[in-house]
Amino acid sequence: MIRYIFIFITCFCTLLKGQDSRVTEFAQSITEQELMELLYVYASDYFEGRRTGSKGQKIAVDFLRDHYMNLNIQAAEGTNNYFQEMTLKVDGKMVSTENVAAIIKGSEFPNEYIVLTSHLDHIGIEGGQINNGADDDGSGTVTMLEIAEAVKIGLENGYKPKRSIVFLHVTGEEEGLLGSAYYSENPLYPLEQTIVNLNIDMIGRNDSLHDNDEDYLYLIGSDILSQDLHDISISINKKYSNLDLDFRYNDPLLKVYERGRHYANRYYYRSDHYNFAKNDIPVIFYFSGTHEDYHLPTDTVEKINYPLLTKRARFIFHTLWDLANREERIRLNSDKKYLNIDKNGR
Ligand SMILES: [Zn+2]
């Protein structure tokens, strides 16, 4: 009898708390410990800096595929067992390489797709030194792996997302956004049915503009194609995360200091989301800024701020969850900002 009462109370409380608290519970499956464990493998010397087409990059894609297989998240249609294979030119040589793509199908709007991206490659070995790319883009990669697990836990608890979620790890980013360009020319799911791309590239550190105890995150491009996307980001953050969302790089004329020079910030064009944005798909580029170890062998795992990476990862999960489950698909703006300024990619 006691057991029955207990079950009744549990069910009743669950109903009262509703979906919000369950979502928070799923988000909490994203932990510092797991992000760290994944990153200590993914950005280890064994992966040899993951240069596109190299042995280390092949180890990386096998690692990613294994993760989705272990979670029992299916391969995206049109892939060869999770791999979207292609041939790319790297240093004047043609190499075979692959994106890794998995999907969780939506329940109500299965033909509307949210594509989550991060780049799986980095710059490999230079001058005998391995560039482990812990932040670039180990941080985005392991964040996606943890988000995939959180969505899967939701699913197992009866919360199937309404829209389909595609987990797309792209290759060839460091060679000129090539893997995402290939995807945009050979999409596994129709681009016109792709409602948003959330791209995560370098979110594990603090830049020189922020103290180490500041919980901030740059969101780039969020209002350029869809004001809805921008507004949702702000309200989700207020509700769940309380990060200092920093939109300064939405001004493409703002200068940044990098490798000894000031440049006009062109971040909107500098990571894989751009290959979606140029096809009129709303995007957010999640980013925590560059640092002194950018593209150097010193971009290593012990320099990652794991508590902050966890907060950022949970925020992105909550945003994804909202976009996947809201009744209405986010709307495109009638006017497009900034797109006329510079279309030359990197
Ligand atoms: Zn990167």
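1. Let's start at the end of a helix: right after α3 comes N72, and its phi is positive, near 60°. Keep in mind that this is a predicted model, so read that angle, like everything below, as computed from a prediction.

2. Now the helix itself. α3 covers residues 55-71, so it has 17 residues. From first C-alpha to last it reaches 25 Å, close to the 24 Å expected at 1.5 Å a residue.

3. Which residues of α3 are buried? They are G56, Q57, A60, V61, L64, R65, H67 and Y68. A bit of helix geometry helps when reading that list: an α-helix has 3.6 residues a turn, so residues three or four places apart point the same way. Note that Q57, R65 and H67 are among the buried ones.

4. What do those buried residues pack against? The partners are two helices, α2 (32-42) and α4 (134-156), plus the strands β2 (83-90), β3 (93-104) and β7 (163-170).

5. Strand β3 turns up again and again in the pairing. β1 (residues 74-75) runs antiparallel to β3, joined by 2 bridges, with A75 standing opposite A102. β2 is also antiparallel to β3, this time through 8 bridges, and here T87 stands opposite S96. Then there is β7, antiparallel to β3 with 5 bridges; A101 stands opposite L168 in that pair.

6. If you want to look at the turn between β2 and β3, they form a hairpin with 2 residues between them. D91 sits in that turn and has a positive phi of about 55°. So that makes another positive phi to check by eye, along with the one at N72.

7. On to the inside. The largest nonpolar core has 85 residues, and the ones touching the most other members are I114, L116, I147, I165, V166, Y286 and L320. Helix α8 (residues 306-325) gives this core its largest share, 10 residues.

8. I114 is a handy place to centre your view. Setting aside residues up to four places away in sequence, I114 touches R163, I165, V166, I195, V196, L320, L323 and A324. Two of the names on that list, I165 and V166, also appear among the core residues with the most contacts to other members, and so does L320.

9. Is F109, in strand β4 (residues 109-119), buried or partly exposed? F109 has 17 C-beta neighbours inside 10 Å, which is why it counts as partly exposed; the cut-off for buried is 20 or more. Beyond four places in sequence, F109 is in contact with K162 and R163. L309 lies 200 residues from F109 along the chain, and their C-alpha atoms are separated by 31 Å.

10. Stepping back to the whole protein: there are 8 helices and 13 strands. A compact globule of 346 residues would have a radius of gyration near 20 Å, and the protein agrees because it has 20 Å. Along the principal axes, the C-alpha atoms fill a box of roughly 70 × 45 × 40 Å. Buried residues make up 48% of the 346. For contacts between residues at least 6 apart in sequence, 81% join residues at least 24 apart.

11. Last, confidence. The mean pLDDT is 92, with 91% of residues at 70 or more. Residues 339-346 are another matter: pLDDT stays under 50 there, and the model has 10 contacts beyond four places in sequence for that stretch.

Notes:
Residues are numbered from 1 along each chain as its sequence is written. This is a predicted model: local features need pLDDT of at least 70, side-chain atom pairs count only at pLDDT 80 or more; totals for chains, interfaces and linings use all residues. Helices (H or I, at least four residues) and strands (E, at least two) are DSSP runs, numbered from the N terminus. The radius of gyration is taken over C-alpha atoms; the globule rule is 2.2 Å times the number of residues to the power 0.38. A residue is buried if 20 or more other C-beta atoms lie within 10 Å of its own, exposed if 12 or fewer, and partly exposed in between; C-beta atoms are placed from the backbone. Two residues are in contact if their C-beta atoms, placed from the backbone, lie within 7 Å. The expected span of a helix is 1.5 Å times one less than its number of residues. A nonpolar core is a set of buried Ala, Val, Leu, Ile, Met, Phe, Trp, Tyr and Cys residues joined through C-beta atoms within 7 Å. pLDDT is the predictor's confidence in each residue, from 0 to 100. Two strands pair if DSSP finds at least two bridges between them.
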